[in-house]
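Me: Please take one part of this chain and look at it closely. I am new to this structure, so explain each term where it comes up.

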Amino acid sequence: MTALDTSSIVAVIGAGAMGAGIAQVAAQAGHRVWLFDTHQGAAAQAISGIDRQLARLVDKGQLDASQRRVIAARLQPADSLQALADAALVIEAIVENLDLKRQLFEQLESICSAHCILASNTSSLSLTRLAAGLKHPQRILGMHFFNPAPLMALVEIVSGLASDPQLAARLYDTADAWGKQPVHTRSTPGFIVNRVARPFYAESLRLLQEGAADCATLDALLRDAGGFRMGAFELTDLIGHDVNYAVTCSVFDAYHGDMRFQPSLVQKELVDAGHLGRKSGRGFYDYSETAERPQPQEISSPLHIDSCAVEGDLGIAAPLITRLQQAGVQVTQRAGSGVIRVGTATLALSDGRLASQRAQAQGIDNLLLFDLALDYRRAARIAISCAADTSVLACQQVVALLQRAGFKVSLLSDTPALAVLRTVAMLANEAADALLHGVASAADIDLAMCAGVNYPLGPLAWADAIGPQRLLTTLDNLQAAYAEPRYRPSLLLRRRATEGRHLHDT
Ligand code: NAI
């Protein structure tokens with residue numbers, strides 16, 4: 001264990017939302033903390049704010065009053081950078097501006113001891129660039145906390161080209177000792193979370209743009225079938241469209257305009273209109289007091305279904321069989337290509353093709369497709385789509401079957417890979433590329449997405465559960481449908497699928 005000893009002094013520069021949160025975390029972990037801000041009185045004000053947060057913890061019974069006093073006494077405002085000379089670790093959390101951060105590090109080099117680690121909380125700037133030209137670039141690292149720092153577990157420990165791996169290990173152990181969930185990442189644009197999460201927003205935005213469904217339905221599908229805490233529209237309304245759009249633009253630019261990260265015109269229009277989300281009272285949803293929250297679209301069937309046949313292996317959707325049986329449906333199982341036959345309808349898990357395309361290619365009448373669910377035993381909702389010549393009766397038969405098993409059913413337009421499968425396929429694809437490019441380990445990528453943005457399952461573990469081959473087929477079909485590089489499968493996914501190995505295999 002190489003964590004900083006609690007007798008070491010930590011300095012935090014920038015007493016805004018992040019700096020104050022980080023100072024609180026370090027003080028609660030036992031360190032004396034200097035807090036410095038160029039804005040007169042900001043550090044002292046932030047310390048008062050932290051004390052109020054601590055008081056709330058006392059009220060909730062999570063801290064006793066004497067601990068509160070001890071922790072508060074560890075925090076001190078600094079009136080100059082020179083006062084930080086005795087710090088063993090400096091974490092800067094000033095404005096996101098490369099030149100200002102570089103100037104600050106240059107000053108710190110002449111103030112702090114040679115052993116002091118200089119960390120940045122930047123979420124988008126290159127650590128390699130921040131360190132370039134400094135006297136000791138090896139001690140510049142990223143320590144990327146998430147907002148609010150006292151509550152969010154994840155800390156990305158970011159190494160630039162010159163960063164010393166031993167110092168990265170020390171920061172990792174320090175974050176761990178502070179009760180955080182650290183991961184190691186190389187300094188590539190977006191690090192892990194802000195890169196791998198891009199498709200979560202992008203695919204919903206595209207589905208909306210294409211009229212596949214409305215916001216409320218797509219959000220409900222990501223929540224009720226995908227197991228995500230929030231759908232992309234409610235989440236971006238919460239984050240703020242200005243902030244979320246700026247992150248997407250910054251990642252897009254940093255990857256030299258790679259179309260996988262292309263910002264959405266739908267979101268840009270909201271930003272242009274000043275509809276920034278909750279904070280402006282309006283985003284995808286209207287937050288005014290009188291506004292009614294739109295409900296997800298749902299279809300129902302007047303039919304009653306008693307039986308169906310499952311032909312072949314349903315793969316990740318196999319738990320549907322038990323759910324149908326438990327609902328009283330008589331399920332006959334026989335050999336076949338992984339489809340469910342109900343009445344005149346054939347129901348299959350999407351493979352990334354349009355339903356109409358697949359019906360034609362396989363010569364299937366009355367084809368319907370269903371979407372991915374995190375857990376088919378428990379999902380409250382499922383999306384389906386129909387081929388163009390699927391009859392109303394076949395559609396009603398499928399809806400009746402799924403309703404009988406307790407699903408709410410949302411009908412999407414005929415869309416490649418539907419909503420959850422498309423989102424998860426693209427998240428997993430981005431995660432596979434990050435792994436291929438050595439940004440982080442498979443374990444750290446999955447951990448970052450679960451601890452940093454609360455995904456119900458790491459994207460690589462999800463890819464393994466779906467099966468790399470099935471995922472690859474989905475992405476190949478998506479790419480064929482759109483003829484765009486955005487959906488090109490990661491080489492690592494193709495390699496693992498070809499080798500019959502999983503993404504988590506070493
Ligand atoms: P903020 O705007 O709330 O606070 C920045 C503070 O830095 C202000 O109090 C300002 O007076 C002070 N400051 C500016 N220049 C300074 C300088 N040269 N020396 C000392 N103090 C200076 O910003 P926020 O949101 O706390 O972000 C800070 C950093 O953390 C940025 O790099 C940002 O990208 C990063 N970050 C922000 C997250 C967020 O959700 N807000 C999440 C993770 C990282």
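Reply: What follows looks at the middle domain, its pair of helices and its border with the next domain.

The model is predicted, and local features need pLDDT of at least 70, side-chain atom pairs pLDDT 80 or more, while totals for chains, interfaces and linings use all residues. Residues are numbered from 1 along each chain as its sequence is written, and side-chain values use heavy atoms, without hydrogens and water.

The chain is divided into domain 1 (10-187), domain 2 (195-280) and domain 3 (307-411), with bounds from an automatic or database domain assignment. Domain 2 is the part examined here.

Two helices (DSSP runs of H or I, at least four residues) give a starting point: α8 spans residues 198-209 and α9 spans residues 215-224. Helices α8 and α9 pack at an angle of about 140°, and their axes lie 10 Å apart; axes are fitted to C-alpha atoms over the stretch in contact, and angles between N-to-C directions run from 0 to 180 degrees. From α8, the contact (heavy atoms within 4.5 Å) takes in Phe200, Ser204, Leu207 and Leu208. Helix α9 contributes Cys215, Leu218 and Leu222. By class, 6 of the residues in this contact of α8 with α9 are nonpolar, 1 is polar and none is charged; the nonpolar class includes Leu, Phe and Cys.

The border with domain 3 comes next. The C-alpha centres of domain 2 and domain 3 are 29 Å apart. At this border, 7 residues of domain 2 touch 9 residues of domain 3. Together the two domains bury about 610 Å² (accessible area lost on being put together, 1.4 Å probe, summed over both), and 62% of that area is on carbon and sulfur atoms. On the domain 2 side, Leu221, Asp224 and Ala225 supply 70% of the area buried against domain 3, more than any other three residues.

Across this interface the rule finds 1 salt bridge (a side-chain nitrogen of Lys or Arg within 4 Å of a carboxyl oxygen of Asp or Glu). A salt bridge joins the side chains of Asp224 and Arg381, at 3.2 Å from N to O.
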